Amino acid sequence: MSKSMQKIFYIFTFLIGFSLTTQAQDAQFSQFYANQLYLNPAFAGSTGGGRMGVNYRNQWPQLEANYVTYSFAFDYYFEDYRSSIGFIAKQDQQGKTTQPFKSTDLGLIYSYLIPINETTVVQAGLQGSYSMKSLNYNNLLFPDQFNNNGFLGTPTGEEFPKNNVNYIDVSAGAVLLANNFWAGISAHHLNQPDQSFFDQESKLPTKFSLQAGYR
């Protein structure tokens with residue numbers, strides 16, 4: 001590693017360490033640029049035609065507690081109306097064999113193109129999703145099922161809350177498209193839906209992200 005790269009690394013590490021709070025949410029794909037609708041609903045119709053994509057992620061495949069995520073997206077641009085529609089579906093499974101936690105999202109997208117000049121346009125998008133999360137308690141083990149000799153094989157005496165949560169999720173975004181560059185901003189979970197399996201409230205915080213590229 002060169003000295004300049006070392007300096008950048010140290011500065012980056014320092015800035016991360018200086019953060020007061022951190023939050024994690026939503027699955028992250030390694031090839032995120034290949035899943036534009038997942039990044040920003042305003043990218044719907046940005047190809048000027050039709051597009052379909054499938055993404056797959058398997059994080060930590062050698063462990064029993066791995067994460068497997070599937071994503072499918074489709075969008076189409078209607079030139080006469082400067083409008084685009086899109087559809088995106090995602091399923092996230094946690095746990096290789098037991099899969100105690102599963103999350104499924106189905107979303108519809110609408111975007112509208114606004115010309116700025118001959119080479120630059122702004123596209124705004126809105127997404128409404130229906131999210132379903134479930135917990136499989138049958139694949140979980142609890143302390144009362146064990147003794148000093150190991151697993152007893154008896155059912156647990158634990159009392160469980162509801163095993164599924166469904167809610168509406170709203171997202172929006174905008175993107176500036178030019179001949180050789182683009183820049184966008186998106187906000188997911190604008191309505192901060194309640195995702196708690198218990199009686200207490202657990203809102204999904206809004207996630208803001210920026211995208212940019214140069215060709």
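**Notebook: pocket, strands and contacts**

**Entry 1, the second largest pocket.** I began with the lining of the second largest pocket, to which H2 and E10 each supply at least two residues. Helices here are DSSP runs of H or I with at least four residues and strands are runs of E with at least two, both numbered from the N terminus. A note to myself on the input: this is a predicted model, where local features need pLDDT of at least 70 and side-chain atom pairs count only at pLDDT 80 or more, while totals for chains, interfaces and linings use all residues. Residues are numbered from 1 along each chain as its sequence is written, and side-chain values use heavy atoms, with hydrogens and water left out.

A pocket is an open set of points on a 1 Å grid over the protein atoms alone, where a 1.4 Å probe fits and protein lies on both sides within 12 Å along at least five of seven lines; lining residues have an atom within 4 Å of a point. Which element gives the largest share of this lining? I found that E10 does, with five residues. The lining includes Lys-207, Phe-208, Ser-209, Leu-210 and Gln-211. His-188 is also on the list, as are Tyr-38 and Leu-39. I then added Ala-27, Gln-28, Phe-29 and Phe-32, which line this pocket too.

**Entry 2, E10 and its neighbours.** Next I followed the strands from E10 outwards. E10 covers residues 207-214 and runs antiparallel to E9, with eight bridges joining the two (strands pair if DSSP finds at least two bridges between them). Across this pairing, Phe-181 stands opposite Tyr-214 in E10. E9 spans residues 181-188 and pairs with E8, residues 164-177, again in the antiparallel sense, over six bridges. Here I noted Leu-177 standing opposite Trp-182 in E9. How many residues does the hairpin from E8 to E9 run through? Three residues make the join.

While on E8, I picked out Val-165, which sits in that strand. Its relative accessibility is 5%, so Val-165 counts as buried (under 20% relative accessible area; exposed is over 50% and partly exposed in between, with a 1.4 Å probe and protein chains only). Val-165 and Ser-131 are 34 residues apart in sequence, yet their C-alpha atoms lie 8.1 Å apart in space.

**Entry 3, salt bridges.** I took a salt bridge to be a side-chain nitrogen of Lys or Arg within 4 Å of a carboxyl oxygen of Asp or Glu. That rule gives a count of four, and I looked at three pairs from it, as follows.

Lys-207, already met in the pocket lining, forms a salt bridge with Asp-26, with the closest N and O atoms 3.0 Å apart. This pair links distant parts of the chain, since Lys-207 lies in E10 and Asp-26 in the loop between H1 (3-17) and H2 (36-39), 181 residues apart. Buried or partly exposed, I asked, is Lys-207? Lys-207 has 18% relative accessibility and so counts as buried, whereas Asp-26, at 30%, is partly exposed.

Arg-51 pairs with Asp-75, again with closest N and O atoms 3.0 Å apart. Arg-51 belongs to E1 (residues 50-59) and Asp-75 to E2 (residues 67-78), 24 residues apart. I read Arg-51 as partly exposed at 23% and Asp-75 as buried at 1%.

Arg-57 and Asp-92 meet in a salt bridge at 3.7 Å, N to O. Arg-57 is in E1 and Asp-92 in E3 (residues 83-94), with their positions 35 residues apart in the chain. Both partners turned out to be buried.

**Entry 4, aromatic rings.** For these I paired rings of Phe, Tyr and Trp (its six-membered ring) with centres within 6.5 Å; planes under 30 degrees apart are stacked, over 60 edge-to-face, and the rest tilted. The structure holds ten such pairs. One of them is Phe-32 with Tyr-33, edge-to-face, at 5.5 Å centre to centre and 70° between the planes. Phe-32, another residue of the pocket lining, is partly exposed at 46%, and Tyr-33 is exposed at 54%. For Trp-60 and Tyr-67 the centres are 5.6 Å apart and the planes stand at 65°, so this pair is edge-to-face. Trp-60 is partly exposed at 46%, and Tyr-67 counts as partly exposed at 25%. Last on my list, Tyr-137, Phe-142 and Phe-160 form one aromatic cluster.
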